[in-house]
Amino acid sequence: MASASVRAAQAQPQPKDPSADRRLSTLVRHLLPSSPRRTSAEAADTSATLESFPTMASQQGSSVFATLAQAPEDPILGVTVAYNKDPSPVKVNLGVGAYRTEEGKPLVLNVVRRAEQMLINNPSRVKEYLPITGLAEFNKLSAKLIFGADSPAIQENRVATVQCLSGTGSLRVGGEFLARHYHERTIYIPQPTWGNHPKVFTLSGLTVRSYRYYDPATRGLDFKGLLEDLSSAPLASIVLLHACAHNPTGVDPTIDQWEQIRQLMRSKSLLPFFDSAYQGFASGSLDKDAQSVRMFVADGGELLMAQSYAKNMGLYGERVGALSIVCGSADVAVKVESQLKLVIRPMYSNPPLHGASIVATILKDSEMFNEWTLELKAMADRIISMRQQLFDALKSRGTPGDWSHIIKQIGMFTFTGLNSEQVAFMRQEYHIYMTSDGRISMAGLSMRTVPHLADAIHAAVTQLK
Amino acid sequence: MASWFGHVEPAPKDPILGVTEAFLADPSPDKVNVGVGAYRDDNGQPVVLECVREAERRIAGSMNMEYLPMGGSVKMIDESLKLAYGEDSDFIKDKRIAAVQALSGTGACRLFADFQKRFLPDTQIYIPTPTWANHHNIWRDAHVPQRTFTYYHPESRGLDFSGLMDDIKNAPDGSFFLLHACAHNPTGVDPSEEQWREISHQFKVKKHFPFFDMAYQGFASGDPERDAKAIHIFLEDGHQVGCAQSYAKNLGLYGQRAGCLSVLCDDEMQAVAVKSQLQQLARPMYSNPPLHGALIVSTILSDPELKTLWLKEVKGMADRIIGMRKALKENLEELGSPLSWEHITNQIGMFCYSGMTPEQVDRLTKEFHIYMTRNGRISMAGVTTGNVAYLANAIHEVTKSN
């Protein structure tokens with residue numbers, strides 16, 4: 001059996017930095033009776049014989065990874081795990097960040113099914129490796145989608161676009177590129193942000209700092225704090241911006257506020273890195289949801305853009321996305337693209353074919369594109385309607401507090417403002433599942449379950465402070 | 001217009017993928033592509049396996065596209081482990097294998113390299129000379145120091161077995177080694193079963209960690225069980241291996257990026273811990289792996305009829321390549337080449353290390369519009385009954401004065 005020290009190491013909470021891992025595992029290794037690692041000096045006069053080495057795989061403690069601790073459960077996925085275990089017939093899952101229909105079912109868009117069928121029925125279609133940069137047609141269409149077909153950056157060939165694995169993959173490839181080729185190694189991310197952002201950028205080799213974003217008092221934007229923090233960032237720092245439908249708060253700057261942010265950033269040469277995971281999904285309009293991005297492109301400056309088709313095309317598991325880098329000139333864009341390949345090749349060689357093929361099929365066919373915009377608007381409208389219904393339900397119950405943020409916030413998520421005790425209470429008494437920061441996924445609501453949620457919030461707010 | 005990225009250098013072209021780019025740009029009707037390692041049928045056409053087409057028909061319209069778990073498709077992982085470790089493997093029964101779905105072989109190697117860096121930061125990786133060029137890039141980007149070990153013997157165009165064994169013995173105890181499970185890329189030179197046993201024995205003495213890259217299971221000999229023999233020898237000897245599996249070639253799933261990374265652990269608890277940590281490395285890279293390829297793999301391997309069809313088709317591919325090796329060698333002999341071409345049929349898998357120099361390869365390209373990587377590696381999958389004579393003639397022309 002593993003020694004007490006090894007068990008202790010395994011029981012420790014996962015340290016947040018790799019150097020702690022290293023110190024821990026080094027310490028534990030010294031305490032183990034035998035170690036597979038030796039210095040070369042020791043190896044030179046080792047008298048290890050066949051008999052002294054465990055020959056059966058079942059021998060305990062022979063793995064080089066024996067000291068490794070189990071990673072903590074992912075906080076977001078953990079919510080669904082708990083929900084699945086709950087036998088209550090009235091349970092509601094507001095943790096998941098995937099769209100659900102009114103019946104609570106996942107949705108594959110009709111236009112996606114059609115595109116899939118077309119691909120299957122095309123026998124001449126080949127499934128070879130894509131180029132490192134992905135499907136060329138997909139890349140062009142994606143850039144047009146986010147920047148606008150008439151975008152000067154595209155007309156001037158200043159955009160380098162590479163297909164990546166959804167938003168995560170695009171962020172990671174962009175982060176790695178910046179760590180290698182950009183002279184500033186610090187990225188500022190909003191407080192709060194999607195839980196995976198800090199890890200993506202840290203592993204890319206960047207230093208992560210945050211700027212104020214959410215104001216708990218108003219449940220809206222801390223605009224003053226945001227401007228102050230970006231003003232005091234060192235020149236040329238990288239700044240992560242959620243293009244629309246901020247995750248997890250649902251709080252977006254207004255167009256005027258975006259303009260002020262743009263001016264400030266350009267005056268300090270701060271490099272924008274946009275994360276666009278909800279284009280079309282937030283307001284129902286693809287162009288409207290891209291306004292913030294296009295504003296920055298219009299001033300002729302450079303930026304990075306991570307695009308995801310997980311939600312707006314419902315392609316979640318197919319991992320479809322694109323990283324675009326808008327550069328100062330066409331020459332630079334060519335060189336940048338060549339260097340992006342060097343990041344991608346040792347990571348996974350080339351991106352997956354299926355999802356990108358579906359997207360390209362849809363985007364290049366005007367009839368299918370239109371059908372997509374209608375289905376997209378329907379999803380966005382259902383979510384907006386859920387917001388309204390929840391707000392109305394709380395109002396009609398006379399629930400104390402200002403709940404207007406529910407209809408002011410936008411996108412899949414609402415930061416309710418509930419504290420972790422209230423969240424736990426709602427799980428316990430009402431079988432409502434959400435992340436402990438009070439974030440609810442509006443996509444998990446339906447007309448049927450809104451009253452139940454409103455009751456739960458009402459109870460939590462009146463019984464616990 | 002001013003740019004923050006004006007100083008960025010244009011990156012050198014990828015040596016392997018760059019070959020196909022050049023081939024595509026060539027207007028000559030005689031051109032032959034024996035560069036990239038993707039299978040071609042005897043008409044020089046890419047192939048989608050029948051079992052894959054059928055699997056896709058079954059999948060389309062019936063599945064949703066929700067996120068897979070971070071570790072990927074459980075069903076696909078289960079089938080992959082059976083394929084690599086054996087249907088009745090005790091390690092599978094005892095749940096001792098930590099495994100995650102990965103982005104084909106590249107992604108599996110990269111996850112392992114990142115894992116090695118995070119949890120065994122003082123280790124390095126020994127990589128055979130030569131190897132698939134991207135292996136060096138993978139471990140470099142993971143910041144794991146690399147060393148090389150002797151492998152290929154240029155004079156015999158075979159294995160430098162004594163050099164290999166010396167390097168194994170001289171490496172510090174507990175070193176990490178990258179081994180090609182079968183059909184070594186780029187040489188096609190594999191150790192014999194006897195030699196694998198000796199290597200495994202020496203690994204035990206030295207307590208080395210064997211990491212297998214298995215990109216050609218089934219594709220090398222035509223028999224998946226036979227192609228996994230090296231791994232089984234090591235498992236029988238008590239090694240706790242790591243393994244990168246790819247479905248790019250053997251299932252023809254190239255662009256779907258379907259693969260699996262597995263690590264054999266002491267026990268179930270450790271396997272759970274290791275898997276959780278592998279997931280933590282995948283999460284900030286791509287969150288969760290792509291669905292489509294995983295569905296195809298699990299649909300085929302879990303259905304007896306489809307699996308039988310697959311076994312037939314993969315054998316067909318392997319047999320065609322073995323046939324082309326024979327044809328190329330015979331053609332060269334008939335042309336009266338002064339050199340020995342035994343290695344063409346001694347070597348196995350998709351690639352043949354011809355022994356030609358970069359200059360000779362350049363001549364093949366310029367004069368004969370034949371495209372291959374400059375290390376003289378020929379992708380036998382690109383050889384057909386239609387072009388083998390032309391290819392043999394060209395090779396003869398550039399090498400006859402050797």
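Is B:Ser104 buried or exposed? The exercises below work through this and related points.

The model is predicted, local features need pLDDT of at least 70, side-chain atom pairs count only at pLDDT 80 or more, and totals for chains, interfaces and linings use all residues. Residues are numbered from 1 along each chain as its sequence is written, chains are lettered from A and ligands numbered from 1 in the order in which they are written, and side-chain values use heavy atoms, with hydrogens and water left out.

**Exercise 1. Classify B:Ser104 and B:His369 by accessibility and describe their backbone.**

Step 1. Buried means under 20% relative accessible area, exposed over 50%, and partly exposed in between, with a 1.4 Å probe and protein chains only.
Step 2. B:Ser104 has 2% relative accessibility and therefore counts as buried. B:His369 has a relative accessible area of 25%, so B:His369 is partly exposed.
Step 3. Helices (H or I, at least four residues) and strands (E, at least two) are DSSP runs, numbered from the N terminus. On that basis B:Ser104 lies in helix α5 of chain B, while B:His369 sits in the loop between α15 (358-368) and β12 (370-371) of chain B.
Step 4. Phi is near 60 degrees for B:Ser104, a positive value in a residue other than glycine. B:His369 also has a positive phi, near 60 degrees, and is likewise not a glycine.
Step 5. Most residues other than glycine have a negative phi, and most peptide bonds are trans.

**Exercise 2. Locate two cis peptide bonds of chain A.**

Step 1. The bond from A:Gln191 to A:Pro192 is cis, with omega near 0 degrees. A:Pro192 belongs to the loop between β3 (186-191) and α9 (197-204) of chain A.
Step 2. The bond from A:Asn247 to A:Pro248 is cis as well, with omega near 15 degrees. A:Pro248 is in the loop between β7 (238-242) and α11 (255-267) of chain A.

**Exercise 3. Describe the largest nonpolar core and one of its members.**

Step 1. A nonpolar core is a set of buried Ala, Val, Leu, Ile, Met, Phe, Trp, Tyr and Cys residues joined through side-chain atoms within 4.5 Å.
Step 2. The largest core holds 210 residues, of which A:Phe65, A:Leu390 and B:Phe5 touch the most other members. Helix α16 (residues 366-397) of chain A gives the most to this core, 10 residues.
Step 3. A contact requires heavy atoms within 4.5 Å. Leaving out residues up to four places away in sequence, A:Leu390 touches several residues, including A:Ile406, A:Ile440, A:Met442 and A:Leu445.
Step 4. A second, separate core has 37 residues, among them B:Ala171, B:Val189, B:Ile233 and B:Phe234.
Step 5. In soluble globular proteins, nonpolar side chains tend to be buried together.

**Exercise 4. Characterise the largest cavity.**

Step 1. On a 1 Å grid over the protein atoms alone, a cavity is a set of points where a 1.4 Å probe fits but cannot get out, and lining residues have an atom within 4 Å of a point. Grid points are joined across faces, edges and corners, and a volume is the space filled by probe spheres set on the points.
Step 2. The whole structure has 5 cavities of 30 Å³ or more, and the largest has a volume of about 340 Å³.
Step 3. This cavity is lined by 27 residues, and the closest to its centre are A:Tyr129, B:Trp132, B:Asn185, B:Tyr216 and B:Lys249.
Step 4. Helix α5 (residues 104-119) of chain B gives the most to the lining, with 3 residues.
Step 5. Ala, Val, Leu, Ile, Met, Phe, Trp, Tyr, Cys and Pro count as nonpolar, Asp, Glu, Lys and Arg as charged, and the others, Gly among them, as polar. The lining divides into 12 nonpolar, 10 polar and 5 charged residues.

**Exercise 5. Compare the settings of A:His405 and A:Tyr430.**

Step 1. A:His405 is in helix α17 (residues 405-408) of chain A, and A:Tyr430 is in helix α18 (residues 420-430) of chain A.
Step 2. A:His405 is buried because its relative accessible area is 3%. A:Tyr430 has 22% relative accessibility and so counts as partly exposed.
Step 3. Not counting residues up to four places away in sequence, A:His405 touches A:Arg219, A:Phe415 and A:Thr416. With that exclusion, the contacts of A:Tyr430 include A:Val90, A:His452 and A:Asp455.

How values were computed
1 Å grid on protein atoms, 1.4 Å probe; cavity = no way out; pocket = protein on both sides within 12 Å on 5 of 7 lines; lining within 4 Å.
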